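Subject: Structure handover and notes

Hello,

Here is the structure I said I would pass on. Please open it beside this email and follow along as you read.

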Amino acid sequence: MATNRDDRPRCDADAHAAAAVSRAWDLAGFGNWLSGRADATRRAYVGDLTSFAQWMGRSDVSRPADVDRLHLRRYLASLGTRHLARATVARKAAALRCYFAWALREGVVPADPARTLRAPSGKGRLPRVLSSGEIGTLLDGTGTSAIEQRDRAVLELLYAAGLRVSELCGLDRRGVDLAGRTVTVLGKGGKERRVPIHDRAAAALGEWLRSGRAELPGPREAVFVNRRGSRMGPRDVRRILDRLAAAPTHPHALRHTFATHLLDGGADLRVVQELLGHASLATTQIYTHVSKERLRAVYEGTHPRA
């Protein structure tokens with residue numbers, strides 16, 4: 001009997017997926033049950049369940065009957081550390097709900113642990129962290145025009161102090177203490193905080209205020225202004241990065257990078273919380289996950305037996 005060529009890659013992929021994990025998961029049966037759905041959905045769901053089964057296997061859980069709701073929540077949380085898009089995590093959660101609903105009907109599991117499972121809310125991705133090389137390339141400009149001085153001071157300050165973009169845009173001259181190497185900003189909830197900056201950031205900021213700032217009109221009290229003579233806004237900061245960054249980079253990535261690099265260097269979490277102006281330590285703890293992932297990536301990329 002003739003075989004449909006279009007069916008062969010799909011069947012081969014399904015067979016490979018089923019062979020990758022314990023037979024107890026019955027991925028072949030699940031794949032056959034999904035045959036009424038779009039091919040892309042079928043392949044994605046089988047692949048998602050294969051990845052989940054492999055992840056559970058690393059915790060010595062080899063049967064779907066042994067999976068509980070806590071396992072599922074931990075798995076979805078782990079996906080957040082892999083820089084996956086929110087839509088991807090949501091699809092994987094849908095695949096888990098679909099699988100366990102099927103497994104319950106087939107008697108593979110005694111109860112459905114995924115019945116009310118939802119993907120974690122939030123932005124969907126952990127912050128992008130720039131490497132030391134990317135930071136160097138971004139900050140080591142040598143231009144002397146007023147705009148180049150301003151842009152260098154903006155980027156240096158975002159990375160040196162871990163400021164929110166709104167804090168940088170709202171910075172006034174009275175909040176700059178170049179001699180004391182600090183800036184004082186107004187954070188969320190109207191809370192004022194003083195943040196130290198390093199010598200290179202202070203030098204870039206001082207150069208801009210002494211020479212470049214006078215060449216651009218705008219409110220006298222504002223540290224940063226745009227070409228239109230207004231106080232700089234978040235979109236202006238985004239345009240600077242769009243122009244100067246080697247890869248797409250959101251301004252907030254410099255704040256994320258600031259926090260992660262401090263933790264990588266051994267800074268205390270509560271000190272980083274204070275520098276970032278976080279009201280809750282739980283908010284700061286997201287950076288410990290980023291830092292651990294960076295350490296794991298280095299380990300797995302360099303250890304001979306990793």
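In which helix is the place of Ala203? Ala203 sits in helix α9. The model is a predicted one, so please read what follows as a description of a prediction.

Ala203 is partly exposed, with a relative accessible area of 45%. Its C-alpha atom is separated by 9.6 Å from that of Arg181, and the two residues are 22 apart along the chain.

The chain as a whole

The chain contains 14 helices and 3 strands. Of its 306 residues, 43% are buried. If you take the contacts between residues at least 6 apart in sequence, 60% of them join residues at least 24 apart.

The nonpolar cores

The largest nonpolar core has 49 residues. Leu157, Leu168, Val183, Ile197, Leu205 and Phe224 have the most contacts inside it. At least two residues of this core come from each of α6 (132-139), α7 (146-161), α8 (165-169), β2 (182-186), α9 (199-212), α10 (234-244), α11 (252-264) and α12 (269-276). The element that gives the most is α7, with 9 residues.

Leu168 is a good residue to click on here. Not counting residues up to four places away in sequence, Leu168 touches Val154, Leu157, Leu158, Leu163, Phe224 and Val237. There is also a second, separate core of 31 residues, and Phe30, Met56, Leu96 and Tyr99 are included in it.

The sheet

The 3 strands of an open sheet come in the order β1-β2-β3, and their pairing is antiparallel. β1 (176-177) and β3 are at the edges with a single partner strand each, so one side of each has no neighbour in the sheet.

The antiparallel strands β1 and β2 are joined by 2 bridges, and the antiparallel strands β2 and β3 by 5 bridges. Thr182, in strand β2, is a convenient place to see both pairings. Thr182 is the bridge partner of Asp177, and in β3 the bridge partner of Thr182 is Pro196.

Is Thr182 buried or exposed? Its relative accessible area is 13%, and buried means under 20%, so Thr182 is buried. Leaving aside neighbours within four places in sequence, Thr182 is in contact with Gly175, Val176, Asp177, Arg194, Val195, Pro196 and Ile197.

β3 shows a pattern worth following by eye. In a regular strand the side chains alternate between the two faces of the sheet. Along β3, Arg193 and Val195 point to one face and are buried. Glu192, Arg194 and Pro196 point to the other face and are not buried.

β2 and β3 form a hairpin with 5 residues between the strands. In this hairpin, Gly189 has a positive phi near 70°.

Two residues with positive phi

Most residues other than glycine have a negative phi. Two aspartates are worth a look for that reason.

Asp26 has a positive phi, near 50°, and is not a glycine. Asp26 is found in the loop between α1 (7-19) and α2 (27-33). With a relative accessible area of 34%, Asp26 is partly exposed.

Asp60 is not a glycine either, and its phi is positive at about 65°. The loop that holds Asp60 lies between α3 (39-57) and α4 (69-80). Asp60 counts as exposed, at 74% relative accessibility, because exposed means over 50%.

A pocket

The second largest pocket has a volume of about 230 Å³. Which residues line the second largest pocket? The lining consists of Arg164, Glu167, Gly187, Lys188, Lys191, Glu192, Arg193, Gln273, Glu274, Gly277, His278 and Ala279. The elements that give two or more residues to this lining are β3 (192-196) and α12. Sorted by class, the lining has 7 charged, 4 polar and 1 nonpolar residues.

Two of these lining residues, Glu192 and Arg193, also appear in the β3 pattern above, where Arg193 is buried and Glu192 is not.

When you go through the model, you could start with Thr182 in β2, then turn to Leu168 and the residues it touches, among them Phe224 and Val237.

Regards

Methods
Residues numbered from 1 in each chain as written. Predicted model: local features only at pLDDT ≥ 70, side-chain atom pairs only at ≥ 80, totals over all residues. Heavy atoms only, no water. Core = buried A, V, L, I, M, F, W, Y, C linked by side-chain atoms within 4.5 Å. Buried < 20%, exposed > 50% of the residue type's maximum accessible area, 1.4 Å probe, protein only. Helix = DSSP H or I, 4+ residues; strand = E, 2+ residues; numbered from the N terminus. Contact = heavy atoms within 4.5 Å. 1 Å grid on protein atoms, 1.4 Å probe; cavity = no way out; pocket = protein on both sides within 12 Å on 5 of 7 lines; lining within 4 Å. Points joined across faces, edges and corners; volume = space filled by probe spheres on them. Nonpolar A, V, L, I, M, F, W, Y, C, P; charged D, E, K, R; others polar. Pairing = 2+ DSSP bridges.
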